[in-house]
Amino acid sequence: MSKNGDNLNEEQQEQLLFMMLVQQHQQIAMMGLGKIQNPATQEMEIDLSSAKYAIDTLAMLKKFTKGNLSKEAGNYLEQTLTNLRLNYAEESKKAKAESSEDESPDKDE
């Protein structure tokens, strides 16, 4: 464990690790939503399937940890999921609108 974890008891360390796990999936989802840069490519890329996978993983984590998280960790997970789902819905709507524009044939043709 890092220096930050040296002064924490086992339960606090586990809570910190859990929150870091949630944060990792949040970052994967935000990259897929084109909200943050992909560190490997330095590009803003939209990959809704990877975003959905990360969100679904967090939703599963919520289901399997129900009743077993501290209030703080539970709230963090819930807020993260809500934020990601709202962003996913927004980006999905944009993608759908863009693809329907691309697919609509010109009336002149």
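How many helices and how many strands does the chain have? Hello everyone, that is where I would like to start. The chain has 3 helices and 0 strands, and from the N terminus on the order is simply α-α-α. Please keep in mind that what you see above is a predicted model.

Let me give you the overall picture. The chain has 109 residues, and 26% of them are buried. About 8,100 Å² of the chain is exposed, with carbon and sulfur atoms supplying 50% of that area. If you take contacts between residues at least 6 apart in sequence, 56% of them join residues at least 24 apart.

Now to the inside. The largest nonpolar core has 16 residues, and the members that touch the most others are F18, V22, L58, L77 and L84. Which elements give two or more residues to this core? They are helix 1, covering 10–32, helix 2, covering 48–65, and helix 3, covering 71–103. Helix 2 gives the most, with 6 residues.

If you want one residue to click on, try L58. Setting aside residues up to four places away in sequence, L58 touches V22, H25, Q26, L77, T80, L81 and L84. Two of the names on that list, H25 and Q26, may catch a biochemist's eye, so to speak, next to the leucines.

Staying with helix 2, let us look at T57, which has its place there. Is T57 buried or exposed? T57 counts as buried, because its relative accessibility is 18% and the cut-off for buried is under 20%. Its side chain reaches the backbone oxygen of Y53 at 2.8 Å.

Next comes a charged name, E91, in helix 3. E91 is buried too, with a relative accessible area of 7%. What does the side chain of E91 make a polar contact with? The partner is the side chain of K35, at 3.0 Å. Leaving out neighbours within four places in sequence, E91 is in contact with L33, K35, I46 and L48.

Let us move to the loop between helix 1 and helix 2, where we find both Q42 and E45. Q42 is not a glycine, yet it has a positive phi of about 60°. With 49% relative accessibility, Q42 counts as partly exposed, since exposed would need over 50%.

E45 is also partly exposed, at 32% relative accessibility. Its side chain makes a polar contact with the side chain of T41, at 2.7 Å. Beyond its neighbours within four places in sequence, E45 is in contact with M31, G32, L33, G34 and N38. For L33, we can add a distance: the C-alpha atoms of E45 and L33 are separated by 7.4 Å, with the two residues 12 apart along the chain. You may remember L33 from a moment ago, as one of the contacts of E91.

Last stop, the largest pocket. How much space lies in it? About 210 Å³. The residues that line the pocket are E11, E14, Q15, F18, T65, N68, L69, S70 and A73. Helix 1 supplies the largest share of that lining, with 4 residues. F18 is worth a second look on your screen: it is part of the pocket lining, and it is also among the core residues that touch the most other members.

That is my tour, and I am happy to take questions.

How values were computed:
Residues are numbered from 1 along each chain as its sequence is written. This is a predicted model: local features need pLDDT of at least 70, side-chain atom pairs count only at pLDDT 80 or more; totals for chains, interfaces and linings use all residues. Side-chain values use heavy atoms; hydrogens and water are left out. A nonpolar core is a set of buried Ala, Val, Leu, Ile, Met, Phe, Trp, Tyr and Cys residues joined through side-chain atoms within 4.5 Å. Buried means under 20% relative accessible area, exposed over 50%, partly exposed in between (1.4 Å probe, protein chains only). Contact means heavy atoms within 4.5 Å. A polar contact is a pair of N or O atoms within 3.5 Å; within protein, one must be able to donate a hydrogen and the other to accept it, and residues adjacent in sequence count only if both atoms are side-chain atoms. Accessible areas come from the Shrake-Rupley method with a 1.4 Å probe; for residues, only the protein chains shown count as cover. On a 1 Å grid over the protein atoms alone, a cavity is a set of points where a 1.4 Å probe fits but cannot get out, and a pocket is an open set with protein on both sides within 12 Å along at least five of seven lines; lining residues have an atom within 4 Å of a point. Grid points are joined across faces, edges and corners, and a volume is the space filled by probe spheres set on the points.
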